[in-house]
There are 2 protein chains.
Amino acid sequence: MARSPTAFSPLTVPLSRTAQLVEHLGSEIRAGRYKPTERLPTEQELMARFDVSRTVVREAVASLKAEGLVVTRQGSGAFVAQNPTGKPFRIVSDDLKSIAEVLNVLQLRLAVEVEAAGLAAIERDDHGLEEIGLCLDRIDAAVRAGDAAIEADYEFHLSIARATGNPYFERFMRFLGTVLIPRQTVRAGIENPRVRRDYLDQVQAEHRAIHAAIVASDPDAARQTTRAHLEAGRVRYLAIARETA
Amino acid sequence: MARSPTAFSPLTVPLSRTAQLVEHLGSEIRAGRYKPTERLPTEQELMARFDVSRTVVREAVASLKAEGLVVTRQGSGAFVAQNPTGKPFRIVSDDLKSIAEVLNVLQLRLAVEVEAAGLAAIERDDHGLEEIGLCLDRIDAAVRAGDAAIEADYEFHLSIARATGNPYFERFMRFLGTVLIPRQTVRAGIENPRVRRDYLDQVQAEHRAIHAAIVASDPDAARQTTRAHLEAGRVRYLAIARETA
DNA sequence: TTTGCCATGTTATCAGACAAGATACATTTT
DNA sequence: AAAATGTATCTTGTCTGATAACATGGCAAA
């Protein structure tokens, strides 16, 4: 970046004051000059030190919050997050152009869901079972209405993740959903209504097997049926994806 | 959750208005209701639509900019970025202050690693096996040197994830590592050298069982030994964490 | 048609104010 | 003396109004 303060170049638009402050504070934090859990200067101090308005300070801090570098507590101050280097787990949508990449992500999803089903079979309570059952009914209703039931299907899997009592399972499933759901719409495109109905009936039969295992508090069966369901799902995805390609 | 929009509960105001607006706009964008390069409503419109001040609107947009979801052009407006990034999966380190939260994350790790070991037993090749074996040796060497072998242990688990041939497993393991490794250092603090050596020998015996199952191309055994290893690890973490607390 | 100007809309920044939560200290009570 | 309580003060959250910088489209002049 050719942006020296002394040379004036008519083309380079200077970064906004907010962006400058974000860059400055961000690098200070990453360099460790502000240590984790340490309190940042107050807004007033930052205003004075950088000669900017409070708007700029607040927007800069808002950006750093969005980056996960700082957390703020009303009335107390802004603090450096405990793990400022913690990079998020991210799957770029562009990487999922190839069928192989989607299959890889589906494999990761299988890992998490198999375990989630097993945990759900152990940790299940009445409320969780009721929710899972409701999701099954909703899928039935959607299929009867001629819908592809993609959303209801997703909710079913989420309800199992929720039944584990471990919030990270549902969060991870939701994360994967944002990347996978768009690809799954292929199944809605099955033209032949007869074939499509058979497809959905088969899927729903597998769902019921998982549900039964969880109701029976049988973690091994829950894992096994979930594995079978998702492996069959991978095969189905592969068949449809190749067909439509 | 008992948080209905109509009833206002004096206790629950968990999210700031800014955070709410960020979530709302972010999900709208990610859901595709605002398409890439499309212009967002003006600040005035957003103020009116959500009945908030301009401060809130601007901080929310600043957050979305930091996330890479929108770009702004002065005098022109705010626009959805060309390739809106998928919402990443992130574990805030601050959430891991409680032992229960760490155990939850360890459970998620177990899910992924169990499946990774099973896959490694299927997809394994000579190179992968050699790497896993080398990691075992490095742990041995580290333990003999009196080290806690945390890094070598981590590498061993990564080598299994790598042997799956599915890059997402290693990526996810590395992601979890950045969150969990800092907590795992407790084990380095075991004072009694005798106890510590027993601890590490036990861990290494479990590693060898996993290795043997992968060498034998036995996915069921690989999953079972990995599950046993990580469940034991959860118990060990619990014991140490309670002790040092 | 092309060029230049300008009115209008929009974001960027500033300034001041009040509300709400947090913290430390003095006060009161036990 | 110790603990509970009240209060002053600091800090972030939100609101309001104003000015500057930039972008865009229309209009008039060449």
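Start with chain A and colour it by secondary structure: nine helices and two strands. This is a predicted model. Trace the chain along its sequence and the order reads α-α-α-β-β-α-α-α-α-α-α. Now colour chain A by burial. Of its 245 residues, 32% are buried. Turn on contacts within the chain, keeping pairs at least 6 apart in sequence. Of these, 66% join residues at least 24 apart.

**Next stop: where chain B meets chain A**

Select both chains and show the contacts between them. On one side are 35 residues of chain B, and on the other 39 residues of chain A. Stay on the chain B side. Which elements give two or more residues to it? Pick out α1 (17-30), α3 (54-67), α4 (99-123) and α7 (167-184) of chain B. Highlight α4(B) among them, as the largest share, nine residues, comes from this helix. Then colour this side of chain B by residue class. You will find 17 nonpolar, eight polar and ten charged residues.

**Next stop: α4(B) against α6(B)**

Keep α4(B) selected and add helix α6, residues 150-163 of chain B. The two helices pack at an angle of about 55°, and their axes lie 7 Å apart. Because of that angle, α4(B) is oblique to α6(B). Is the crossing left-handed or right-handed? The crossing of α4(B) over α6(B) is left-handed.

Show side chains for the contact:

- From α4(B), select E113(B), A116(B), A117(B), A120(B) and E123(B).
- From α6(B), select H157(B), I160(B), A161(B) and A163(B).

Coloured by class, this contact between α4(B) and α6(B) has six nonpolar residues, one polar and two charged.

**Last stop: DNA strand D**

Select strand D and the protein around it. How many residues surround DNA strand D? There are 21. Label the closest: T72(A), S16(B), R17(B), S53(B) and G75(B). Both chains appear in that list, with T72(A) from chain A and the others from chain B.

Now switch from residues to elements. In chain A, α2 (43-50) and β2 (77-80) each give two or more residues to the surface near strand D. In chain B, α1 and α3 do so. Zoom in on α3(B), which gives the most, with three residues. Both α1 and α3 of chain B also give two or more residues to the side that touches chain A.

Finish by colouring the surface near strand D by class. What is the split between nonpolar, polar and charged? Three residues are nonpolar, 13 are polar and five are charged.

Notes. Residues are numbered from 1 along each chain as its sequence is written. Chains are lettered from A and ligands numbered from 1 in the order in which they are written. This is a predicted model: local features need pLDDT of at least 70, side-chain atom pairs count only at pLDDT 80 or more; totals for chains, interfaces and linings use all residues. Two residues are in contact if their C-beta atoms, placed from the backbone, lie within 7 Å. Helices (H or I, at least four residues) and strands (E, at least two) are DSSP runs, numbered from the N terminus. Ala, Val, Leu, Ile, Met, Phe, Trp, Tyr, Cys and Pro count as nonpolar, Asp, Glu, Lys and Arg as charged, and the others, Gly among them, as polar. Axes are lines fitted to C-alpha atoms, for helices over the stretch in contact, and angles run from 0 to 180 degrees between N-to-C directions. Angles under 35 degrees count as roughly parallel, over 145 as roughly antiparallel, 65 to 115 as roughly perpendicular and the rest as oblique. A crossing is left-handed if the near helix is turned anticlockwise from the far one by less than a right angle, and right-handed if clockwise. A residue is near a molecule or strand if its C-beta atom, placed from the backbone, lies within 6 Å of it. A residue is buried if 20 or more other C-beta atoms lie within 10 Å of its own, exposed if 12 or fewer, and partly exposed in between; C-beta atoms are placed from the backbone.
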